Amino acid sequence: MAASEAAREIAAIREKADAEVQAAKRRLGGFVAAIAQLEAENETETVRADDLARPLEEAKAAAHAVAIESTAREASLTATAGQLCEQLAALKDELREAHREAKEATTQLARVNGQLEAMSSQVAEQVW
């Protein structure tokens, strides 16, 4: 009797252990499925992130190209402005010189006119 009762207890323990093993296997299967689903979602999110990052990288590259072009254009305009300033300074110098020469020519013309008037007066006195 004790042997049959021990056998029943062992059988009950085995059934309980089998049930626990089956439950653990089901949970493990659920965990494996959840991991597979998470891996698939991760792959999907990775592709999505790559798809979102691509236009961003293209926009960054375009902005960088525009910045380089803008810097080059600014340098060119700065050089042109410098050249124009130098030309303007040279033209101002030429204009000052032209004014000085015109003033000198006006002074000489007035002197020559004065001399002509004096000569005309002398000629007129001699003729009369």
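Modeller: Helices are DSSP runs of H or I with at least four residues, strands are runs of E with at least two, and both are numbered from the N terminus. Phe-31 lies in helix 1. The model is predicted, so local features need pLDDT of at least 70 and side-chain atom pairs pLDDT 80 or more, while totals for chains, interfaces and linings use all residues. Residues are numbered from 1 along each chain as its sequence is written, and side-chain values use heavy atoms, without hydrogens or water.

Biologist: How many helices and strands are there in the protein chain?

Modeller: The protein chain has one helix and zero strands. Helix 1 covers residues 2-127.

Biologist: What is the radius of gyration of the protein chain, and what would a compact globule of 128 residues have?

Modeller: The chain has 54 Å, against a value near 14 Å for such a globule. The radius is taken over C-alpha atoms, and the globule rule is 2.2 Å times the number of residues to the power 0.38. The C-alpha trace spans about 185 × 20 × 15 Å along its principal axes.

Biologist: What percentage of the 128 residues is buried?

Modeller: Buried residues make up 0% of the chain. Buried means under 20% relative accessible area, exposed means over 50%, and partly exposed lies in between (1.4 Å probe, protein chains only).

Biologist: Why is Phe-31 called exposed?

Modeller: Phe-31 has 52% relative accessibility, and the cut-off for exposed is over 50%, so the word applies.

Biologist: What makes the nonpolar surface patch, and what is its area?

Modeller: Leu-28, Phe-31 and Val-32 make a patch of about 320 Å². Patch residues have over 30% relative accessible area and no salt bridge; nonpolar side chains (Val, Leu, Ile, Met, Phe, Trp, Tyr) are joined within 5 Å, like charges within 9 Å. Areas come from the Shrake-Rupley method with a 1.4 Å probe, and for residues only the protein chains shown count as cover.

Biologist: How do you know that Glu-45 and Arg-48 form a salt bridge?

Modeller: Their closest N and O atoms are 3.6 Å apart. A salt bridge needs a side-chain nitrogen of Lys or Arg within 4 Å of a carboxyl oxygen of Asp or Glu, so the pair qualifies. The two residues are three apart in helix 1, about one helical turn. Glu-45, at 43%, is partly exposed.

Biologist: What are the N to O distances for Asp-51 with Arg-54 and for Glu-57 with Lys-60?

Modeller: Asp-51 and Arg-54 come to 3.2 Å, and Glu-57 and Lys-60 to 3.8 Å. Both values fall within 4 Å, so both pairs are salt bridges. Asp-51 and Arg-54 are three residues apart in helix 1, as are Glu-57 and Lys-60.

Biologist: Why is Lys-60 called partly exposed?

Modeller: Lys-60 has a relative accessible area of 48%. This value is neither under 20% nor over 50%, so Lys-60 falls in between.

Biologist: What links Glu-97, Arg-100 and Glu-104?

Modeller: A network of salt bridges links them. By the rule, the count comes to six salt bridges.
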